[in-house]
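Welcome! Here is a short briefing to help you find your way around. Have a look at the structure first, then read on.

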Number of protein chains: 2
Amino acid sequence: MDKIVDMSIATVERETGIGKDTLRVWERRYGFPQPLRDSKGERLYPSRQVDQLRLIKRLMDQGHRPGRLLSVSEEERLELAAAKPAIHPARSKDEQDLIQQTLDLLKSHDTQGLRLAFNQAMMRQGLHQFVLGTVVALNRSVGEAWRRGELEIFEEHLYSEQLKSLLRQAINSLPADANGHPRILLTTFPEEQHALGLLMAECLFTLEGATCISLGTQTPLFDIRLAALAHRADIVALSFSTAFSVRQRAPLLNQLREMLPSTVELWAGGMASEKLPAIDGVVLLPTLEAGLAALKNFRQKVGD
Amino acid sequence: MDKIVDMSIATVERETGIGKDTLRVWERRYGFPQPLRDSKGERLYPSRQVDQLRLIKRLMDQGHRPGRLLSVSEEERLELAAAKPAIHPARSKDEQDLIQQTLDLLKSHDTQGLRLAFNQAMMRQGLHQFVLGTVVALNRSVGEAWRRGELEIFEEHLYSEQLKSLLRQAINSLPADANGHPRILLTTFPEEQHALGLLMAECLFTLEGATCISLGTQTPLFDIRLAALAHRADIVALSFSTAFSVRQRAPLLNQLREMLPSTVELWAGGMASEKLPAIDGVVLLPTLEAGLAALKNFRQKVGD
DNA sequence: TTTCTTTTTTGTCCTAGACAAATAGATTGT
DNA sequence: ACAATCTATTTGTCTAGGACAAAAAAGAAA
């Protein structure tokens, strides 16, 4: 019971999200991690080191650089983890309260209560405001709490499951206009598995009377192209989370841009799109508001 | 417009689901694929070869072996693809009709119609029967149509999005008994992204009055353990699709088994569990019916 | 036929070197 | 002091070809 065994390199990749090649090159360059070896010479990572790797990944997502993190002692890493919470735009009392309530409910694993709280907030504010304001703020706060180590991954899963379920329900109860314009195809790239941003966009676009076709997450580029053609989409909208490596975005977007007919617009929304260099023929949408503006824009353009 | 560029090895891995190591070793052993090289000597796969790889992956999922597929000509592979549809247990006229209707709606990309058809079937049959009979049959038929090349991946995405949405809605409308027993934690392993099986199980277990805590897909083992402890789960139930490599299941299940307290049962459900060797302390559930039986069983055991 | 043993097939891991894109740091010009 | 340009370092991903064990197929024996 409860014995935690040493892990193979494939397992560590899965558990931490750090690639095999990267794990090996870190070991070579920085001397960490330093796994044991089994009888056939393969790496075996003790769980203590895997914990450290988890922490390192967290800190890297916060902007720390691997070189420093890896050449520093275990204790110093823990210090970094306990650092400053960023300052945020002023929030209403209501929002503050809901955030605190959400974090408390998550920590006590009260899924029922969570659902109830979300539902009430949504009813009170209306879907538009709820998504644009509250959900955005919640995402940020939950993400931060996780980065600070206050929440476990499974608690974040719980949060996003509840919210996804609620948003889906909301979308389904909206009057669907099959001939709404424009026709927007929604999905994410293959490694991107975060569906929440997608659902938020779908809510807002559907509220505006557009037709949304959601393929869910992780569609290969080739199939995005096929789907766009099959559904006669006017716009292909992709959602990115911070987890999606910024390095990969530009080349992937370029590739998709070349695959799509030039009459189809390509929108890229989500976290950290600000950092991205402008790409020809790709509309970058750092926020949901920008998405709504783009939609208005598109309609004006097509209108005349 | 529409120009399809050569792809890097990382891209091919994403698009086909075949690992980099495997792609390289196939090239060495069988001479296929045989990518071009760019200025720095890195592989560039022409889209023609990537299409072939997609086909090969499909055929492998059907049970063909790589050695044969890769050493055979392009034409012969296409012949294999057009082969026999397997024979299935007798189905009711209703079910047959719905299956045909679903495939037609999918091919014409009529999401509204799809949703309507599903909803009607569910209303008519009741959730229990709908999940156990119709959804199972639909999954199989859609999966087969895809393997035969009749459906594109994006059409399969569409199917599963609609169904997931419907099942989620159904679950939410069930009377949730927060004190229902047993407490079942539902999730999948990190590479497993198919949420449909999970939702189907959640429907059935909830209907039986159990408390389901769904973490969604792709939870690291470490977090499954944490969640099980935090939620005081009686049972941890994992869902596998055929896409999940059979090779990996046994070691992963063993690993999780060792991490969990022995008082917590571990259930592994989903396709191809029959093929799996028995694992000590892990209950294998090849079908949903087996899952329901296991639940009844568990209750009797605890009852006395 | 079934069961056991041998051979082939197949995916994953290994080392150690290379290189370009991204980032940080230094230098220069306004 | 601040912005822009250049240089140096950092970092992830790719390459080659060898190795090995687990799975599957083929062969042998009951």
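Through which surface do the copies meet? The copies meet through the same surface, because 100% of the interface residues of chain A are also interface residues in chain B. Contact here means that the C-beta atoms of two residues, placed from the backbone, lie within 7 Å.

This is a predicted model, in which local features need pLDDT of at least 70 and side-chain atom pairs count only at pLDDT 80 or more, while totals for chains, interfaces and linings use all residues. Residues are numbered from 1 along each chain as its sequence is written, and chains are lettered from A and ligands numbered from 1 in the order in which they are written.

**How the two chains are related**
- Chain A superposes on chain B (RMSD 0.1 Å) after a rotation of 180 degrees with 0.0 Å of shift along its axis, by least squares on the C-alpha atoms of residues with pLDDT of at least 70 in both.
- That is the relation of a two-fold axis.
- A:Gln169 is the residue of chain A that comes closest to the rotation axis, its C-alpha being at 3.1 Å.

**The sheet of chain A**
- Five strands, in the order E4-E3-E5-E6-E7, make an open sheet with parallel pairing; pairing takes at least two bridges found by DSSP.
- Helices (H or I, at least four residues) and strands (E, at least two) are DSSP runs, numbered from the N terminus.
- At the edges, strand E4 (211–214) and strand E7 (282–285) of chain A each pair on one side only.
- Strand E3 (residues 183–187) of chain A pairs with E4(A) over four bridges, and A:Leu186 has A:Ser214 as its bridge partner there.
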